Amino acid sequence: MNIFAEQPLLPTVWFVFIGIFWIGYLILDGFDLGVGMMMSRIFSRDEKERRLLLNTIGPVWDGNEVWLITAGAATFAAFPLWYASLFSALYIPLTLILVALIVRVVAIDYRGKKADPGWIRLWNRGIAASSFGIAFLIGALLGVTSTGMPINAAGNVESAFAWAANPFTYIGGAAIALFSYIQGLAFVALKTEGEVRRRARRRLVAHLPWAVLPCVVWVIAMQFKGVSAGVLSVVLMVAAVLAIVTAFFAARREREGIAFAGTSLFVAFGALSIFTALFPNVFPSTLDAANSLTVAHSASSPYTLKIMTWMTVIMLPLIIGYQAWSYKQFARRLSVDHLPEAHDPAELARASRGGSHRSN
């Protein structure tokens, strides 16, 4: 524990805040991305089921993405050197993430603009593909950041494609993509009724044991690679295992709320274990440990961090409270029976124009 006491207070506080932002994103947008992946025919059997899936996340999915923006903005403001090295080293996957985010937003918005099966099928595929892409690329980014790249003494990554040779690019990508799928199944089982609920629960029980394996490999590897790996990070790892075991047995007993809480705690404890083992590094160097970027050497000025801390202490509880309230408002389970028949927006627009002309 001495290594935590030796580090400056405010940079350490902001390392913790960024960890919280990432955990919030993985839990909340994790199920959004998982539901997006389920828009493919692998899970959903007809268009009405796909509409039901979108309705489960409709009120919250765009708000959940705020956690990703917050994590990126906090990194830029609190640790500019970390941000600069990260973005210069990973500009290709980061650009792909941006493209996938744009495709996902457009696909969700455009799929209902025309009552044409080909049109709807195109955007359904866009939702599924972009959701998987975002989850995989976010995992790849976190995986390579936590395990390191060839950073030289000037704080620059020596190879623009070093990320492609790092096995944790793919382990991290698989970990977050598969976790998001599991989180999506748990959420759909919690939010729906009827056959969709039963199918999601069955697949959660069947797929959970193997789908979490990349996450387990990543967390265990950090116990050997992290400079602060020790009792605390191991305890957090054990807590993550207990949480996912609880989720598995809860799903088998049709306790979807406990199952969803278990999968959420799994990624929370797992991420905390990784962040704890990584500290005080924020971006390890695989060339020389002395070149690693740390919380102390990458942080903004104390005055900047102080202002940011006060703003966060005031605003973060309000944001969490508002999101909790919004989830409570839309807590009711949904089924395909709740959905009205699909309509053609173009025909409604023409009818509206015709009615307007007649009224004139």
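This note goes through the cavities, the largest pocket, the aromatic contacts and a few individual residues of a predicted model.

1. On enclosed space, the structure contains two cavities of 30 Å³ or more. The largest cavity has a volume of about 50 Å³, and the second largest cavity has a volume of about 40 Å³.

2. The wall of the largest cavity is formed by C215, V216, V219, M237, A240, V241 and F266. Two helices, α12 (213-225) and α13 (231-252), each contribute at least two residues to this lining. In terms of residue class, the lining of the largest cavity consists of seven nonpolar residues, with no polar and no charged ones.

3. The second largest cavity is lined by Y25, L26, D29, G30, L33, A135, I138, I176 and S180. Two or more residues of this lining come from each of α2 (9-37), α8 (117-147) and α10 (167-191), and α2 gives the largest share, namely five residues. By class, the lining of the second largest cavity comprises six nonpolar residues, two polar residues and one charged residue.

4. Turning to open space, the largest pocket encloses about 740 Å³. Its lining is made of 36 residues, and those that lie nearest the centre of the pocket are W22, L68, I138, L141 and L142. Helices α2, α5 (66-78), α6 (80-89), α7 (91-110), α8, α12 and α14 (256-278) are the elements that give two or more residues to the lining of this pocket. The lining of the largest pocket divides into 30 nonpolar residues, five polar residues and one charged residue. I138 is worth noting when the two sites are inspected, since I138 is listed among the residues that line the second largest cavity and is also one of the residues nearest the centre of the largest pocket.

5. As for ring contacts, the structure holds 19 aromatic pairs. One of the pairs is formed by F76 and Y83, whose ring centres are 5.0 Å apart and whose planes stand at 70°, so this pair is edge-to-face, the angle being over 60 degrees. Y83 has a relative accessibility of 23% and therefore counts as partly exposed. Elsewhere, W14, F17, F21 and W67 are linked by ring pairs into a cluster. A charged side chain also meets a ring: R199 lies over the face of F43, at 5.3 Å from the ring centre.

6. Helix α3 (residues 47-57) deserves a separate point, because eight of its eleven residues are buried, so the helix is largely enclosed by the rest of the structure. The buried residues of α3 are E49, R50, R51, L52, L53, L54, T56 and I57. These buried residues pack against α2, α4 (61-64), α8, α10 and α11 (195-211).

7. L178 is located in helix α10, and with a relative accessibility of 23% this residue counts as partly exposed. When neighbours within four places in sequence are left aside, the contacts of L178 are with W210, A211 and P214. The C-alpha atoms of L178 and W210 are 9.2 Å apart in space, while the two residues are 32 residues apart in sequence.

8. S292 sits in the loop between β1 (281-283) and β2 (293-294). Its relative accessibility is 9%, so S292 counts as buried, the cut-off for that class being under 20%. Not counting residues up to four places away in sequence, S292 touches N281, F283, P284 and S285. By way of contrast with these contacts, S292 and A175 are 24 Å apart in space, C-alpha to C-alpha, and 117 residues apart in sequence.

9. The last residue considered is V234, which is placed in helix α13. V234 has a relative accessibility of 35% and therefore counts as partly exposed. Along the chain, V234 and M38 are 196 residues apart, and their C-alpha atoms are separated by 33 Å. Helix α13 has already appeared in this note, as one of the elements that supply at least two residues of the lining of the largest cavity.

Terms used:
Residues are numbered from 1 along each chain as its sequence is written. This is a predicted model: local features need pLDDT of at least 70, side-chain atom pairs count only at pLDDT 80 or more; totals for chains, interfaces and linings use all residues. Side-chain values use heavy atoms; hydrogens and water are left out. On a 1 Å grid over the protein atoms alone, a cavity is a set of points where a 1.4 Å probe fits but cannot get out, and a pocket is an open set with protein on both sides within 12 Å along at least five of seven lines; lining residues have an atom within 4 Å of a point. Grid points are joined across faces, edges and corners, and a volume is the space filled by probe spheres set on the points. Helices (H or I, at least four residues) and strands (E, at least two) are DSSP runs, numbered from the N terminus. Ala, Val, Leu, Ile, Met, Phe, Trp, Tyr, Cys and Pro count as nonpolar, Asp, Glu, Lys and Arg as charged, and the others, Gly among them, as polar. Rings of Phe, Tyr and Trp (its six-membered ring) pair if their centres lie within 6.5 Å; planes under 30 degrees apart count as stacked, over 60 as edge-to-face and the rest as tilted. Buried means under 20% relative accessible area, exposed over 50%, partly exposed in between (1.4 Å probe, protein chains only). A charge sits over a ring if NZ of Lys or CZ of Arg is within 6 Å of the ring centre and within 35 degrees of the ring normal. Contact means heavy atoms within 4.5 Å.
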